[in-house]
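Trainee: Could you take me through how to read this model, one feature at a time? I would like to hear the general idea before each case.

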Amino acid sequence: MNVIFGVAFFILGSLAVYVFQRKRFAKMTEEDFVCEVVQKAFAREKSSKHNEHNLVRALLKSDAFIKDLSLTAKFKGMIVGYILFTKAKVGDETLLVLSPLAVLPKFQKKGIGKSLVEKGHVVAKKLGYKGVIVLGHPEYYKKLGYLPASKWGIKAPFEVVDENFMAIELVPGALTGVSGVVEYAKEFGL
């Protein structure tokens, strides 16, 4: 008799979880799914404050937001990767900041992040932007063509190891003469 009750409770409990999850997903917006991907992607990152998903929500509503540079990667209709480029000032120039780049852990190391970065560069170049700045792992971003931003005299508004603060020219020579401290969107809280 206890076994029958146990099985019945298991089935009813599973059904309740399924119904709850289905209702939850039905109410989620693309922004919600993007933020969930970002949160999961940074969950194990030691250098993270684990608030990147909140930053994304704020940036999506900011003046620095560019709709065409908010890109997702999907697998079987599910968002598995996300990248956002927002406007920043360096002297008189408007450049882009790449932040964040996020891929769900089980989809990492499959080229999704690289594809998102490359697609973002193509779109940014078509939109007329000269360059992109990123704070990240140099061993990853160097493979994508990023170099220390100090090469162009571009500085972070905070203390950072030189090799972790990088930039890339979207057109050769485009960052020549661009120098100064990066003015991030106010949503970054810097």
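Mentor: Let us begin with exposure, for which we need a cut-off: a residue is called buried under 20% relative accessible area, exposed over 50%, and partly exposed in between. Please keep in mind throughout that this is a predicted model. Lys76 has a relative accessibility of 76%, and therefore counts as exposed; this residue is found in the loop between strand 1 and strand 2.

Trainee: What is the phi of Lys76, and what should I note about its sign?

Mentor: The phi of Lys76 is near 50 degrees, which is a positive value in a residue other than glycine. Lys109 can be read in a similar way, since its phi is near 65 degrees, again positive and again in a residue other than glycine. Lys109 is found in the loop between strand 3 and helix 4, and with a relative accessibility of 85% it counts as exposed.

Trainee: Which residue just after helix 4 takes a positive phi?

Mentor: That residue is Gly128, with a phi of about 95 degrees. While we are on the backbone, the peptide bonds deserve a look as well: the one from Ser99 to Pro100 is cis, with omega near 0 degrees, and Pro100 lies in strand 3.

Trainee: How should I survey the fold as a whole, and how many helices and strands does the protein chain have?

Mentor: The protein chain has 5 helices and 8 strands, which, read along the sequence, follow the pattern α-α-α-β-β-β-α-β-α-β-β-β-β. Of its 190 residues, 40% count as buried. Among the contacts with a separation of 6 or more, 62% are accounted for by residues 24 or more positions apart. The accessible surface of the chain comes to about 11,600 Å², and 58% of that area belongs to carbon and sulfur atoms.

Trainee: How can I check the geometry of a single helix, taking helix 4 as the case, and why does its span agree with expectation?

Mentor: One compares the expected span with the distance between the end C-alpha atoms: because helix 4 has 15 residues, at 1.5 Å a residue it should span 21 Å, and its end C-alpha atoms are indeed 21 Å apart. The expected value uses one less than the number of residues, as the span of a helix is defined that way here.

Trainee: Which residues of helix 4 are buried, and what do they pack against?

Mentor: The buried residues are Ile112, Gly113, Leu116, Val117, Gly120, His121, Val123 and Ala124. They pack against strand 1, strand 2, strand 3, strand 4, helix 5 and strand 7.

Trainee: Is Val132 buried or exposed?

Mentor: Val132 counts as buried, because its relative accessibility is 0%. Its place is in strand 4, which covers residues 131-135. Leaving aside neighbours within four places in sequence, Val132 is in contact with Phe85, Leu96, Leu98, His121, Tyr146, Met166, Ala167, Ile168 and Leu170. Of these, Leu96 is 36 residues apart from Val132 in sequence, yet the C-alpha atoms of the two are 4.6 Å apart in space.

Trainee: What does a charged residue such as Glu52 look like when read by the same steps?

Mentor: Glu52 is found in helix 3, and it is buried, with a relative accessible area of 15%. Not counting residues up to four places away in sequence, Glu52 touches Val38 and Phe42.

Trainee: Let us turn to pockets. How much space lies in the largest pocket, and which residues are closest to its centre?

Mentor: About 1,700 Å³ of space lies in the largest pocket. It is lined by 44 residues, of which Phe42, Glu45, Leu101, Leu135 and His137 are the closest to its centre. Strand 3 supplies the largest share of this lining, with 7 residues, and by class the lining has 23 nonpolar, 10 polar and 11 charged residues.

Trainee: What can be said of the second largest pocket, in volume and in lining?

Mentor: The second largest pocket holds about 210 Å³ of space, and among its 11 lining residues Phe33, Glu36, Met78, Ile79 and Leu104 lie nearest its centre. Helix 2 gives the most to this lining, with 4 residues, and by class there are 7 nonpolar, 1 polar and 3 charged residues.

Methods: Residues are numbered from 1 along each chain as its sequence is written. This is a predicted model: local features need pLDDT of at least 70, side-chain atom pairs count only at pLDDT 80 or more; totals for chains, interfaces and linings use all residues. Side-chain values use heavy atoms; hydrogens and water are left out. Helices (H or I, at least four residues) and strands (E, at least two) are DSSP runs, numbered from the N terminus. Buried means under 20% relative accessible area, exposed over 50%, partly exposed in between (1.4 Å probe, protein chains only). Contact means heavy atoms within 4.5 Å. On a 1 Å grid over the protein atoms alone, a cavity is a set of points where a 1.4 Å probe fits but cannot get out, and a pocket is an open set with protein on both sides within 12 Å along at least five of seven lines; lining residues have an atom within 4 Å of a point. Grid points are joined across faces, edges and corners, and a volume is the space filled by probe spheres set on the points. Ala, Val, Leu, Ile, Met, Phe, Trp, Tyr, Cys and Pro count as nonpolar, Asp, Glu, Lys and Arg as charged, and the others, Gly among them, as polar. Accessible areas come from the Shrake-Rupley method with a 1.4 Å probe; for residues, only the protein chains shown count as cover.
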